[in-house]
Structures are given as C-alpha cells and as structure tokens.
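Trainee: I would like a close look at one part of this model. Please take me through the salt bridging first, then whatever surrounds it.

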Amino acid sequence: MLDLTHILWEGTLLSLVFLVILLGSLYYNPRIWLKDYPKDIQERTTSRTVRETRHFNYISTLILGLASVPFLSSLYYCGDQITFIGAFLHFYIVFTIVSLVDLIILDWLIFCWITPRFIIIPGTHGAKGYKDYFFHFIGFLKGAVMYGILASLLAGVRMLLAQL
C-alpha cells in the first residue's frame with residue numbers, strides 16, 4: 001500500500017542528507033562537480049584532476065547509495081504486500097522530492113540567486129552560467145527520466161523479492 005505520509009517524510013529526510021553531502025563537497029572543492037556546471041563555466045577552467053575525479057566517484061557512489069533507502073524502507077514497511085505500481089510510485093515520488101529540493105534550494109536559490117564564493121570555481125567569476133536557471137531546469141527534466149528508469153528497475157527487483 002502506498003503511504004504518502006511515509007514517502008513525504010522519507011523524501012524530506014533524504015533531501016536533507018543529499019543537500020548536506022552536496023553542499024559539503026562543494027565547500028570542500030566545487031571542481032569535484034565541474035562536469036555538472038554549465039558549459040561556459042567548464043570552458044573557463046581546466047579539466048578535473050585525477051584526485052578530483054576520484055573524489056567525485058566517492059561522493060557519487062555515496063549519493064547513489066541513498067537510492068537504497070526507499071528500497072529498504074519498502075521491504076520493512078510493505079514486506080511482500082506490494083505491487084509493481086506501488087513500488088514504482090514509492091521510489092519515483094521519493095526521488096522526485098529529492099530532485100525538486102535540489103533544483104529549488106541548491107540550484108536556483110543557492111547556486112543561481114545567492115551564488116556564494118565557495119560555489120564559484122577559481123577563474124570563472126562572472127560567468128553567465130552562475131545565473132542560468134534554465135540550465136538547472138533542463139537538468140531536473142533529464143533527471144526525471146533517469147530516476148524514472150531507476151525507479152522501474154528498483155520496482156522490478158522489489159517485485160522479485162516479494163515473490164520469494
């Protein structure tokens with residue numbers, strides 16, 4: 001059964017963890033996320049170093065691990081009493097909440113509107129990409145497709161486990 005209250009709480013908590021991880025890594029070194037910055041910013045600086053790429057891989061693995069939280073909570077709260085659609089909606093809604101929080105708080109409010117110094121990659125100050133709200137909206141839409149695929153895969157695995 002789809003428990004929207006649980007899903008909203010789960011999405012909110014994951015959003016907070018996600019924001020802390022992203023803001024912490026941006027504060028540590030914004031170049032870790034260089035390939036996720038608008039193109040005009042990327043063109044004003046050198047490519048990521050091997051060390052920065054390694055840090056990106058660690059952090060992105062941690063973030064991908066957050067996708068296991070709704071999966072595990074569905075096992076705990078639903079057991080084998082779940083449908084494919086119920087599982088898919090659970091995962092997709094949680095991922096959408098996290099993505100919306102990322103878009104509105106991190107991308108639009110912090111990155112585009114406030115643009116604190118720690119987000120600006122050295123040598124790129126004044127780049128128009130720092131105020132490109134549309135760039136982040138397109139990223140959100142691309143993400144909606146990607147986590148739709150991820151939610152489908154997780155729902156399929158979840159259904160296999162429910163059959164065991």
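Mentor: The structure holds one salt bridge. Its partners are the side chains of Arg 31 and Glu 52, with an N to O distance of 2.9 Å. The pair links distant parts of the chain, 21 residues apart. Arg 31 sits in the loop between α1 and α2 (39-43). Glu 52 belongs to helix α3. Keep in mind that this is a predicted model.

Now the setting. The chain has six helices and zero strands. From the N terminus on, the order is α-α-α-α-α-α. The C-alpha trace spans about 55 × 30 × 25 Å along its principal axes.

Helix α3, home of Glu 52, also takes part in the largest pocket. Four helices each supply at least two residues of that lining: α1 (4-28), α3 (50-65), α5 and α6 (133-163). The largest share comes from α6, with ten residues. In total, 32 residues line the pocket. Nearest its centre lie Phe 18, Asp 36, Asp 102, Gly 143 and Met 146. The space inside is about 1300 Å³. By residue class, the lining divides into 23 nonpolar, five polar and four charged.

Next, α5, which is one of the helices that line the pocket. This helix covers residues 84-114. There is a kink of about 35° in α5, centred on Trp 108. Thr 115 follows the helix. The phi of Thr 115 is positive, near 45°.

Helix α5 also gives the largest share of a nonpolar surface patch, six residues. The patch is made by Leu 100, Ile 104, Ile 105, Leu 109, Trp 113, Ile 114 and Tyr 133. Its area is about 650 Å². One of these patch residues, Ile 114, lies in helix α5.

To sum up, Arg 31 and Glu 52 form the salt bridge, and the structure holds one. Helix α3 carries Glu 52 and supplies at least two residues of the pocket lining. Helix α5 contributes to that lining too, has a kink centred on Trp 108, and provides six residues of the nonpolar patch.

Methods. Residues are numbered from 1 along each chain as its sequence is written. This is a predicted model: local features need pLDDT of at least 70, side-chain atom pairs count only at pLDDT 80 or more; totals for chains, interfaces and linings use all residues. Side-chain values use heavy atoms; hydrogens and water are left out. The bend at a residue is the angle between axes fitted to the seven residues ending there and the seven starting there. On a 1 Å grid over the protein atoms alone, a cavity is a set of points where a 1.4 Å probe fits but cannot get out, and a pocket is an open set with protein on both sides within 12 Å along at least five of seven lines; lining residues have an atom within 4 Å of a point. Grid points are joined across faces, edges and corners, and a volume is the space filled by probe spheres set on the points. Ala, Val, Leu, Ile, Met, Phe, Trp, Tyr, Cys and Pro count as nonpolar, Asp, Glu, Lys and Arg as charged, and the others, Gly among them, as polar. Patches are made of residues with over 30% relative accessible area and no salt bridge: like charges are joined within 9 Å, nonpolar side chains (Val, Leu, Ile, Met, Phe, Trp, Tyr) within 5 Å. Accessible areas come from the Shrake-Rupley method with a 1.4 Å probe; for residues, only the protein chains shown count as cover. A salt bridge is a side-chain nitrogen of Lys or Arg within 4 Å of a carboxyl oxygen of Asp or Glu.
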